[in-house]
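Q: I am new to this protein and would like a close look at one part of it. Please walk me through that part slowly, and show me how its surroundings fit in.

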Amino acid sequence: MAMRVWNGNKSLSITLTLLFLAGCSILSTEPTIIMEKAQDVAESSSTDAWNQEWETMINNLKHVSVITSEGWEVTIDHKRFVDAFPKNPLKAKSFSPSGAFNYTVLIWSSSNEPSVLLINPKGVQWDNEYYGNEEAVVLAALVRKAVSQSFFEQLNMDRMMLRSKDMDRTKRLPDNKLLQLSKLLREAQYISGKPRLIYPLYPSYSLEIDAGGKEIVAVDILSPTLFSVALGGEKLFFQSDESLLAPLKDEMSTMDYARQHPKYLFRAKDIGIVDQSIPYHMESLQINPDKVNRFEAKSLIHELVREIAKAEKTDRPINNKVLPPLTLEFVLDERVVPVYIYTDHYVYLDAVYARQGILNQIKKYVYEDEWFIKQRPKK
């Protein structure tokens with residue numbers, strides 16, 4: 001903040017000097033030069049003090065631990081921390097923090113009094129000053145990565161429950177499966193950023209880990225080797241070398257829903273969209289093959305099935321005189337099963353299911369993420 005104020009004063013001083021010179025050539029610019037030199041010295045002294053404090057902290061560093069916004073404390077490799085930031089990376093101050101803080105970093109030195117850094121993805125707060133310069137953002141990313149790499153290694157996994165939201169089933173895992181899955185979680189690699197597959201494949205397994213009788217850690221299985229966990233107020237992603245789904249399906253096999261149940265559509269291999277929301281106009285859409293691979297397409301289909309499965313079956317009669325604004329055409333073994341979507345209900349196999357705002361909810365998937373494109377003409 002001081003640098004920004006100083007830059008403003010410097011510009012003002014130069015402007016005033018030029019005005020004086022233009023109006024009265026006999027005036028000297030020496031007072032202005034002296035004032036600017038004094039400000040340079042003050043700024044330099046302030047920066048030297050920050051750097052000296054950082055160097056003292058790094059040179060005497062013994063231990064680095066991070067507390068996530070959920071309250072988990074994770075020890076990170078302090079030698080790697082020192083190697084990455086031997087010099088003070090916090091040089092350019094910002095006006096105020098941008099967003100909530102995800103992590104609290106405790107840097108312990110020989111004095112046993114920790115220096116505290118507050119971290120969010122856009123910068124670092126230290127000694128009541130916030131820094132959003134490029135080096136500070138790099139530091140924040142390093143802390144997030146270090147926590148992610150060490151979290152499962154340090155997590156005390158006493159008990160695991162296997163839950164499937166799609167099947168509404170829960171089961172405690174036996175000790176042999178707990179050991180097998182603990183090993184897979186600890187050996188998994190942290191993925192920086194977001195993977196393209198963000199919706200879990202059916203049956204949407206999750207592991208609920210009882211960590212030493214404290215909080216429950218929920219691990220969502222997205223694909224055979226991809227999983228996520230909420231940590232530091234955000235969702236972090238990991239890739240396993242071996243399949244997590246195989247041992248989970250051994251413990252909780254998938255259910256085969258009857259054709260009359262909307263969850264029967266989890267079997268779909270493809271989906272098409274017919275949009276008739278604009279009067280006298282019909283548009284056919286398909287999943288964009290250039291943007292979405294088969295795993296991603298499958299996860300999107302499963303997520304759409306979850307959305308319609310949230311509706312409740314009613315005794316409302318079907319009004320065939322009104323065209324549905326949107327039709328989902330699920331492809332199952334070369335036959336198409338349509339679901340007709342209206343504003344607050346849909347029709348599936350001659351039954352009406354009610355859910356407030358379902359049309360707008362489905363449209364978010366169809367249009368907001370650009371996963372669908374206009375139907376390509378058949379050759």
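A: Let's begin with a word that will come up often: a residue is called buried when its relative accessible area is under 20%, exposed when that area is over 50%, and partly exposed in between. Serine 109 makes a good first example: with a relative accessible area of 12%, serine 109 falls under the 20% limit and therefore counts as buried. This serine lies in strand E3, which spans residues 103–109. Leaving out residues up to four places away in sequence, serine 109 touches Asn60, Leu61 and Lys62.

Please keep in mind that this is a predicted model. The chain has an average pLDDT of 84, and 85% of the residues score at least 70. Confidence is lowest in helix H1 (residues 2–23), with a mean of 34, and highest in strand E19, at 98. Over residues 1–46 the pLDDT stays under 50, and for this stretch the model has 23 contacts beyond four places in sequence.

Now for the part I would like to show you closely: a sheet and the helices that pack on it. The sheet is open and has eight strands, in the order E16-E20-E19-E18-E17-E14-E15-E21, with antiparallel pairing. At its edges stand E16 (312–314) and E21 (372–374); each has a single partner strand, so one side of each is left without a neighbour in the sheet. From one strand to the next, the twist averages 30°.

Start at the E16 edge. E16 pairs with E20 (residues 351–354) in the antiparallel sense, over three bridges. Here glutamate 312 stands opposite alanine 354 of E20.

Two helices pack on this sheet. Helix H7 (residues 294–309) touches E14, E15, E17, E18, E19 and E21, and its direction makes about 125° with that of E17. Helix H8 touches E14, E15, E17, E18, E19 and E21 too, with its direction at about 60° to that of E17.

Which residues of H8 are buried? In this helix, which covers residues 358–368, they are Ile358, Leu359, Ile362, Tyr365 and Val366. These residues cover an arc of only 125° around the axis, which puts them on the same side of H8. A general rule helps here: an α-helix has 3.6 residues a turn, so residues three or four places apart point the same way. The face of H8 turned away from the buried side carries the exposed residues Asn360 and Glu368. Just after H8, glutamate 370 takes a positive phi of about 55°.

Back in the sheet, look at E19, which holds valine 347. Is valine 347 buried or exposed? Its relative accessibility is 8%, so valine 347 counts as buried. Setting aside neighbours within four places in sequence, valine 347 is in contact with Ile318, Pro338, Val339, Tyr340, Tyr342 and Val352. Valine 347 also lies 9.6 Å from lysine 313, C-alpha to C-alpha, although 34 residues separate the two in sequence.

Follow the chain into the loop between E19 and E20, and you meet leucine 349. Leucine 349 has a phi near 50°, a positive value in a residue other than glycine. With 33% relative accessibility, leucine 349 counts as partly exposed.

Next, the nonpolar side chains. In soluble globular proteins, nonpolar side chains tend to be buried together. The largest nonpolar core here has 93 residues, and those touching the most other members are Phe152, Leu207, Ile308, Phe330 and Phe372. Helix H4 (residues 134–154) gives the largest share of this core, eight residues. Phenylalanine 330 has many partners to look up in the model: beyond four places in sequence, its contacts include Leu265, Ile271, Ile301, Val305, Ile308, Val337 and Val339. Asp270 and Arg335 are also among them.

Two loops elsewhere are worth a visit before you finish. Between strands E5 (123–126) and E6 (129–131) lies aspartate 127, with a positive phi near 55°. Aspartate 127 is exposed, at a relative accessible area of 52%. The other loop, between strands E9 (189–191) and E10 (205–211), contains proline 203. Tyrosine 202 and proline 203 are joined by a cis peptide bond, with omega about 20°.

Methods
Residues are numbered from 1 along each chain as its sequence is written. This is a predicted model: local features need pLDDT of at least 70, side-chain atom pairs count only at pLDDT 80 or more; totals for chains, interfaces and linings use all residues. Side-chain values use heavy atoms; hydrogens and water are left out. Buried means under 20% relative accessible area, exposed over 50%, partly exposed in between (1.4 Å probe, protein chains only). Helices (H or I, at least four residues) and strands (E, at least two) are DSSP runs, numbered from the N terminus. The arc is that of the directions from the helix axis to the C-beta atoms. Two strands pair if DSSP finds at least two bridges between them. Axes are lines fitted to C-alpha atoms, for helices over the stretch in contact, and angles run from 0 to 180 degrees between N-to-C directions. Contact means heavy atoms within 4.5 Å. A nonpolar core is a set of buried Ala, Val, Leu, Ile, Met, Phe, Trp, Tyr and Cys residues joined through side-chain atoms within 4.5 Å. pLDDT is the predictor's confidence in each residue, from 0 to 100.
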